[in-house]
Amino acid sequence: MKETSDEMKNTQEKGKNFFKNIFKEKEAKTSEFIGAIIGNIIILYIVNSLLSWNLSFIAPSFQDVLWIFNLSLSATIIANIIFLLYHPGWFRSIIQIILNILGFWVCYFLYTIFPFTFSQIIFAYFLKFALIVAMIVIVIASLVEVVKLILRTINAL
């Protein structure tokens, strides 16, 4: 069956609205920034405590990736504190790109150093696969942020 011209217009409008929604500047909420700060402080504490908990699957080489975890989580906390005071869309895009780069490095170092010891090799393969997927997703998210930044800059002119 062929679509009528009204159905085609509706489909085109849905496509335009989809892209408008992706690149639409979202209203910043203070509670989101505060929640992110609290959540990242908790994660920072947990990550720095893992070695002292003597978990069987955490290898001593976890110490070698701890610095990038601390850098990434600290940067995220600082960024959210800044967002409480100043959060225009273009600025959030720039900061998000930087945070994505740090997140990519965390995944990369976890993948290359792999400070985990699992009794079953399938868990190691699954985690390595998940880290690869995470790196791909981070690259795509960064590209989307670059496009958002470019579009916001063009619209501001």
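This briefing walks through the helices of the structure above and some of the residues inside them. The model is predicted. Its protein chain has 5 helices and 0 strands, so reading along the sequence gives the pattern α-α-α-α-α. Of the chain's 157 residues, 29% count as buried.

**The chain as a whole**

- Look at contacts between residues at least 6 apart in sequence: 73% of them join residues at least 24 apart.

**Helix α2**

- Helix α2 covers residues 30-49, which makes 20 residues.
- From its first C-alpha to its last, α2 reaches 29 Å, close to the 28 Å expected at 1.5 Å a residue.
- Which residues of α2 are buried? They are Phe33, Ile37, Asn40, Val47 and Ser49.
- These buried residues of α2 pack against two other helices, α3 (63-85) and α4 (89-113).

**Helix α4 and its partner α5**

- Helix α4 has 25 residues, and its span of 36 Å between first and last C-alpha is close to the 36 Å expected at 1.5 Å a residue.
- Just after α4 comes Phe114, and its phi is positive, near 40 degrees.
- How do α4 and α5 pack, and at what angle? The angle is about 165 degrees, and their axes lie 9 Å apart.
- Because of that angle, α4 is roughly antiparallel to α5; angles over 145 degrees count this way.
- The crossing in which α4 passes α5 is left-handed.

**Ser142, a residue to find in α5**

- Try locating Ser142 in helix α5.
- Is Ser142 buried or exposed? Its relative accessible area is 14%, so Ser142 is buried, since the cut-off for buried is under 20%.
- Setting aside neighbours within four places in sequence, Ser142 is in contact with Ile97 and Asn100.

**A salt bridge in α5**

- How many salt bridges does the structure hold? There is 1 salt bridge.
- The side chains that meet in this salt bridge belong to Glu145 and Lys148, at 3.6 Å from N to O.
- Both Glu145 and Lys148 sit in helix α5 (residues 121-156), where they are 3 residues apart, about one turn of the helix.
- Here is the helpful general idea: an α-helix has 3.6 residues a turn, so residues three or four places apart point the same way.
- Glu145 and Lys148 are both buried.

Terms used
Residues numbered from 1 in each chain as written. Predicted model: local features only at pLDDT ≥ 70, side-chain atom pairs only at ≥ 80, totals over all residues. Heavy atoms only, no water. Salt bridge = Lys/Arg side-chain N within 4 Å of Asp/Glu carboxyl O. Helix = DSSP H or I, 4+ residues; strand = E, 2+ residues; numbered from the N terminus. Buried < 20%, exposed > 50% of the residue type's maximum accessible area, 1.4 Å probe, protein only. Expected span 1.5 Å × (residues − 1). Contact = heavy atoms within 4.5 Å. Axes fitted to C-alpha atoms, helices over the stretch in contact; angles between N-to-C directions. Parallel < 35°, antiparallel > 145°, perpendicular 65-115°, else oblique. Left-handed = near helix turned anticlockwise from the far one by under 90°.
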